[in-house]
Amino acid sequence: MCQFPDPDERHPLTDDCRRCPDLVESRNCISWGNGRPDADLVVVGEAPGSGDPDAEQWRGGNDTGMAYTNAVSGRKIRELLADAGLGHEDCFFTNAVKCHPEGNRDPTGAELKNCRPYLRQEIDLVDPVAVVPTGKHATGSVLAMTDHELDGFLDSVLDPKQCPPLGAAVVPLLHPSYQEVWLSRLGYDRAGYVDAVRTTIESL
């Protein structure tokens, strides 16, 4: 069972940011990384979604101010990792872009670039064994800080790349919102995918 993060585990890097005018207009708050600063993994989502502000707890990062805290993607990725033996104490969760893009659109290249210094600060703070981006946009933004390029996202899933500029391996995962769509195409059912995640992380 996954655990909802304690608000005290939120790690803001600045009181405000106005690098992306469109995101400033569409966000309710900045959604910062959360979790233990000595975690083994930094799990990187794409951007906070609109979420459900009426939910009891899992309202989403645009309302909680914490990455991966919505009822769909947030719970799915936390449950997946927990089922793979990677509990609350093992993971620090963040996003490649910290503010909600209106209409849950994809973040632009400029927005990803503007937010990348914050992501790098978070990775340096945690000093993880692995950075685990979820989905194409998060993976591309993480690899932009390394000597690797993203050449076909699906081929990169669960293919660890040692990245000396980050001092960590990069292990891409499917975005939880599209996990069911792509699992069978990669030859997994959920149980097999969980086992593959566990085995891959344990091998690092």
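Here is a chat about the sheet, the helices and the cysteines of a predicted model.

Trainee: What order do the six strands of the open sheet come in?
Mentor: The order is 1-3-2-4-6-5, and the pairing is mixed.

Trainee: Okay, which ones are the edge strands?
Mentor: Strand 1, residues 34-35, and strand 5, residues 161-163. Each of them pairs on one side only.

Trainee: Let's start at strand 1. How does it run against strand 3, parallel or antiparallel?
Mentor: Antiparallel, with two bridges joining strand 1 to strand 3, which covers residues 91-95. If you want a spot to look at, find Asn 34: its bridge partner in strand 3 is Phe 93.

Trainee: And strand 2 with strand 4, parallel or antiparallel?
Mentor: Those two are parallel, and they pair over four bridges. Leu 41 stands opposite Ala 130 of strand 4 there.

Trainee: What does strand 4 do with strand 6?
Mentor: They pair in the parallel sense too, over two bridges. Look at Ala 130 again: in strand 6, Ala 169 stands opposite Ala 130.

Trainee: Are the faces of strand 4 covered or open?
Mentor: Both faces are covered. Ala 130 and Val 132 are buried on one side, and Val 131 and Pro 133 are buried on the other.

Trainee: Now the helices. Which strands does helix 4 lie across?
Mentor: Helix 4, residues 109-126, lies across strand 2 (41-45), strand 3 and strand 4 (130-133). Its direction is at about 175° to strand 3.
Mentor: Helix 5, residues 136-143, packs on the sheet as well, and touches strand 2, strand 4 and strand 6 (168-170). The angle between the directions of helix 5 and strand 4 is about 145°.

Trainee: Switching topic: how many disulfides are there?
Mentor: Zero. As a reminder, a disulfide is a covalent bond between the sulfur atoms of two cysteines.

Trainee: Why does Cys 17 have no bond to Cys 99?
Mentor: Because their sulfurs are 6.4 Å apart, which is too far for a bond, and Cys 99 holds the closest cysteine sulfur to that of Cys 17. The cut-off is within 2.5 Å.

Trainee: Is Cys 17 buried or exposed?
Mentor: Cys 17 counts as buried because its relative accessibility is 13%, and buried means under 20%.

Trainee: What about Cys 91, where is its nearest cysteine sulfur?
Mentor: That sulfur belongs to Cys 2 and is 11 Å away, and Cys 91 is in no disulfide.

Trainee: And is Cys 91 buried or exposed?
Mentor: Buried, at 1% relative accessibility.

Note on methods:
Residues numbered from 1 in each chain as written. Predicted model: local features only at pLDDT ≥ 70, side-chain atom pairs only at ≥ 80, totals over all residues. Heavy atoms only, no water. Pairing = 2+ DSSP bridges. Contact = heavy atoms within 4.5 Å. Axes fitted to C-alpha atoms, helices over the stretch in contact; angles between N-to-C directions. Buried < 20%, exposed > 50% of the residue type's maximum accessible area, 1.4 Å probe, protein only.
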